[in-house]
Amino acid sequence: MTDPLALAQSAAEAIAKATQVAQHDVALVMGSGWADAVSALGTPSAEVAMKDLPGFPPPAVEGHGGNVQSIAIGDKRALVFLGRTHLYEGHGIEAVVHGVRTAVAAGAKTIILTNACGGINTEYRVGEPVLVRDHISFTGVSPLAGAQFVDLTTLYSPRLRTLAKEIDPSLKEGVYVHWRGPAYETPAEINMMRIVGADLVGMSTVPEAIAAHALGAEVMAISLVTNAAAGVTGEKLNHLEVIAAGKAAASRMGILLRELITKL
Ligand code: 8IG
């Protein structure tokens with residue numbers, strides 16, 4: 001088996017060649033619902049398909065593979081990942097964190113992770129972006145192996161959260177639970193999550209945050225609440241609702257991300 005960091009290094013070299021950008025400063029991983037926010041970031045100078053880069057697993061749906069864009073934002077160079085791999089796809093934890101490891105190998109010192117999630121905290125409205133303050137792993141799957149006892153006290157950078165709240169003082173914060181899926185939770189599971197202190201629940205972000213932090217990157221994560229979690233409202237969960245909430249919030253989120261990157 002190839003060493004995961006060597007594989008990330010070769011993917012980073014392929015990105016440098018395809019984009020003609022030797023080093024990127026910041027990387028963004030765009031979750032479902034966030035794709036429309038990308039147009040507010042700027043015009044990409046180059047785009048490369050993940051399937052043409054070493055180490056990225058095949059797309060979940062043929063013809064709907066992810067891609068990576070290079071975008072100049074102020075005096076920063078951003079690497080934008082449109083699409084990610086989730087634990088529930090079954091490609092293993094190394095595939096889930098390959099994108100962020102590639103981003104760090106490409107030079108990124110800051111990693112901004114976005115996702116769509118369910119709201120457990122009833123103070124959140126559908127379509128509201130919420131900063132991740134901390135997480136709870138309900139998968140227990142770590143991207144790290146061996147005696148790497150990485151401290152996670154400030155995993156979600158207090159500095160970046162402060163910066164985001166300076167730009168948008170209405171931003172709330174919350175604790176995100178990582179759920180393997182692909183099935184959503186039962187109402188009883190959501191009730192358990194609320195009792196242990198969770199505000200948001202989704203199927204991504206946590207392994208990527210840990211892997212990026214372990215490599216020394218500064219991490220921010222921001223969740224778009226696209227549905228009330230199971231049992232919260234009595235309504236059933238609906239994937240179309242998720243997509244509609246993302247479209248409605250896209251320009252607000254894109255402007256926030258752009259401002260944040262110019263102030264890094
Ligand atoms: I979008 O309610 C989205 N992703 N686990 N639960 C979990 N993941 C989600 C949810 C949700 N909504």
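**A nonpolar core, an enclosed strand and some unusual backbone angles**

The largest nonpolar core of this predicted model has 41 residues, and those with the most contacts inside it are Val-68, Phe-81, Val-100, Ile-111, Leu-113, Tyr-156 and Leu-200. At least two residues of this core are supplied by each of α1, β1, β4 (76–82), α2 (93–105), β5, β6 (128–137), α5 and β9, and the largest share, 6 residues, comes from α2. Apart from this core lies another, of 28 residues, which includes Ile-71, Ala-78, Leu-160 and Ile-167. In soluble globular proteins, nonpolar side chains tend to be buried together.

Strand β5 is a useful place to continue. Of the 10 residues in strand β5 (residues 110–119), 10 are buried, so the strand is largely enclosed by the rest of the structure. Its pairing can be followed strand by strand. With β1, β5 pairs in the parallel sense over 4 bridges, and Leu-28 has Ile-112 of β5 as its bridge partner. Strand β9 (residues 218–228) also runs parallel to β5 and is joined to it by 10 bridges, with Val-219 in β9 serving as the bridge partner of Ile-111. The pairing of β5 with β8, by contrast, is antiparallel and extends over 2 bridges; here Gly-118 has Val-201 in β8 as its bridge partner.

What does Leu-113 touch, once residues up to four places away in sequence are not counted? Its contacts are Val-29, Arg-84, Val-100, Thr-205, Glu-208, Ala-209, Val-219, Met-220, Ala-221 and Ile-222. Among these, Thr-205 leads on to the backbone of the loops.

Most residues other than glycine have a negative phi, and most peptide bonds are trans. Thr-205, in the loop between β8 (200–202) and α5 (206–214), has a positive phi near 70 degrees although it is not glycine. Gln-20, which is found in the loop between α1 (4–19) and β1 (26–30), likewise is a residue other than glycine with a positive phi, in this case near 60 degrees. Is each of these two residues buried or exposed? Thr-205 counts as buried because its relative accessibility is 1%, whereas Gln-20, at 68% relative accessibility, counts as exposed.

A further backbone feature concerns a peptide bond: the one from Gly-181 to Pro-182 is cis, with omega near 5 degrees. Pro-182 has its place in the loop between β7 (172–178) and α4 (187–195).

Conventions:
Residues are numbered from 1 along each chain as its sequence is written. This is a predicted model: local features need pLDDT of at least 70, side-chain atom pairs count only at pLDDT 80 or more; totals for chains, interfaces and linings use all residues. Side-chain values use heavy atoms; hydrogens and water are left out. Buried means under 20% relative accessible area, exposed over 50%, partly exposed in between (1.4 Å probe, protein chains only). Two strands pair if DSSP finds at least two bridges between them. A nonpolar core is a set of buried Ala, Val, Leu, Ile, Met, Phe, Trp, Tyr and Cys residues joined through side-chain atoms within 4.5 Å. Contact means heavy atoms within 4.5 Å.
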